[in-house]
Amino acid sequence: MPRAVSDGGDNLNGSDVGGSQAPSHCGTDYRVSFPPNKSLLQEFSGTLKDLFFAGDDPLRQYKEQSSWSKRVWLSLRNVFPVLEWGRHYTLSKFKGDFIAGLTIASLCIPQDIGYAKLAHLPPEIGLYGSFVPPLIYPLLGTSRDLAMGPMAVVALLLGTLLQKEIDPKTHPLEYKRLAFTATFFAGITQAALGFFRLGFIIEFLSHAAIIGFMGGAAIIIALQQLKGFLGIKNFTNKTDIVSVMKSIFKSAHHGWNWQTILIAASFLGFLLVTKYIGKKKKKLFWMSATAPLISVIVSTFFVYITRADKHGVAIVKNIEKGINPPSANLIYFSGPFVLKGFKIGAVAGLIALTEAIAVGRTFAGMKDYKLDGNKEMMALGTMNVVGSLTSCYVTTGGFARSAVNCMAGCKTAASNVVMSIVVLLTLLFLTPLFKYTPNAILSSIIISAVLGLIDYKAAYHIWKVDKLDFLACLGAFLGVVFSSVEYGLLIAVAISIAKVLLQSTRPKTALLGNLPRTTIYRKIEQYPDVTTVPGMVIVQVDSAIYFTNSNYVKERILRWLEEEEERQRQQNFPQIEFLIVELSAVVDIDTSGIYALEELFRALKKSKIQLILANPGPTVIQKLRSAKFPELIGEDKISLTVGDAVKRFAPKAVDSV
């Protein structure tokens, strides 16, 4: 009985591309095996499983259980991961979570007040985002390190999109309503992606595009903070660098306040120094984590005793005392703002989701535990839906506070609960103390925080590795800096999709040659020492063959043949009689691809050249058989490996190896 060829280049005799040399066939005639036919239902269900359950099978654990009570418990544990890790929670873990929670609370309180200004919302709404949402996430999330709360880039994006619909100064209530509506739909979008297991959608925003987008957003955020840093009263609402710089220089003669600049510059220097120390000496991370709160306390005390607010230093003024008021009645569920809220929320939700999952995966990899992407989407979505009902805007797991959470020694997601309790106490008792906090210090804190988003090392690494990826990175960066956040995001997605289309429509093909004294065939471009087989041309296709690239693949193979014919003619080699197409990397083929192979066969037949296919995978050979392609070219023209084809059709070339 013939042995089946394996997909992806793992061959039985080792003579194919990607294999290692192995014993010969010892006279046995191995043939390509045809896999059993699948019904339409089997093919469709297999495709759906690969699409939605690429990394796991959530129903597998239920099949092993016969008791209904155990199945119910598994269902609850699947929905609420806290039931799993909560059973093993100990006092030592609580100590780590308690310290981490206190540390990130000291960082998030001043940041939340500042980020609320980015979103053009009252400062207390920023604090609300670090109270309710962090209580929801530990119940549903799978990351031990993500620290929940408002994020600078999401706040900027939300503020930019919202103010295009409603002016926050003239219609503050309507603006808040639209913000809560957008947050509600952001949560719905995130939860829907998790529930229907559509997380692959966010993969269209590539890592390179995110690096560029974040870097551009960081620069825009930092430049916008110059309003508070310099004490400028009249400032542009636009976010592009040209408009911001014009606004800064126009106010240079009469709009800057030297007392404000002195406060901002002094504490920015303090924040940057502590951050540098925290990076250089990991044990002193607490210095950079507590520096923002220390800056707020000291600057507030300084402004209070000197009454600098009487000399042009802008202050926060009143922050409403008390916990989150309900806001379900403020969400637009009808009228013209529903669709606008949905559009804004979907965009903000996707960005927040991308950031959180990217950060979560980073720390999960560092600590060697599994992050469930679909559960994360459900957790973030639920968190934002509940947040929208309790006066919060879009929250997520940002890198800065998550990094502090990790370095502070968090053991589980319970550190979010500790942070939430600290924020609760602040809302109940401490908000009046922020009355004299200068806006300049909030600007310094935000500038210090967002500078870490400019990852020039990653951008340089992308440039060195992949120029097309760097183009996506640069396009996103320039789009944000010179146009707007949404256009930068659009450019990032467009370039990422364009790259996918380019790679799918123009797949790689390569000539193969024989490694001397072996039966192994490798790419001539990679291995210059390989030798070509007289009278044969061997071409490898490195992609699935679909309607998008089938014609290109056919034309490229014919061009390889033409070039190789000319080269072999110059070296007085015999006329080419065989073209071998190596298919180990071709994981799939459609009807257009098969039609292209038929056209290739007919074109070769006119030139009296025989077409041979080597190492087709199970999916490919099954479809070729359904199209009766083996009958067209002859079943003996489909070989197990390139080595087999050469041995059968050019035995003298094998003997000379």
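These legends go with a set of close-up views of one predicted model. Because the model is predicted, local features need pLDDT of at least 70 and side-chain atom pairs count only at pLDDT 80 or more, while totals for chains, interfaces and linings use all residues. Residues are numbered from 1 along each chain as its sequence is written, and side-chain values use heavy atoms, with hydrogens and water left out.

**View 1. The largest cavity and its lining.**
A cavity here is a set of points on a 1 Å grid over the protein atoms alone where a 1.4 Å probe fits but cannot get out, and lining residues have an atom within 4 Å of a point. The count is 3 cavities of 30 Å³ or more, and the largest holds about 40 Å³ of space (a volume is the space filled by probe spheres set on the points, which are joined across faces, edges and corners). Its lining includes Leu511, Leu512, Thr532 and Glu564. Strand 3 (509–514) and strand 5 (536–541) each supply at least two lining residues, with strand 5 giving the most, 3 residues. Strands are DSSP runs of E, at least two residues, and helices are runs of H or I, at least four, numbered from the N terminus.

**View 2. Helix 9, end to end.**
What span should the 24 residues of helix 9 (residues 172–195) have? At 1.5 Å times one less than the number of residues, the answer is 34 Å, and the end C-alpha atoms are indeed 34 Å apart. After helix 9 comes Arg197, with a positive phi near 55°.

**View 3. Phe184 meets Phe333.**
The whole structure has 11 aromatic pairs, meaning rings of Phe, Tyr and Trp (its six-membered ring) with centres within 6.5 Å; planes under 30 degrees apart are stacked, over 60 edge-to-face, and the rest tilted. Phe184 and Phe333 are edge-to-face, 5.4 Å centre to centre with 85° between the planes. The partners sit 149 residues apart: Phe184 is in helix 9, Phe333 in the loop between helix 14 (285–306) and helix 15 (337–367). Phe184 counts as buried because its relative accessibility is 14%, whereas Phe333, at 52%, counts as exposed (buried is under 20% relative accessible area, exposed over 50%, partly exposed in between, with a 1.4 Å probe and protein chains only). Ring pairs also tie Phe184, Phe185, Phe333 and Phe342 into a cluster.

**View 4. Arginines over rings.**
Arg144 lies over the face of Tyr369, 4.1 Å from the ring centre. The charged end of Arg556 sits over the ring of Trp560, 4.1 Å from its centre. To count, NZ of Lys or CZ of Arg must be within 6 Å of the ring centre and within 35 degrees of the ring normal.

Conventions: 1 Å grid on protein atoms, 1.4 Å probe; cavity = no way out; pocket = protein on both sides within 12 Å on 5 of 7 lines; lining within 4 Å.
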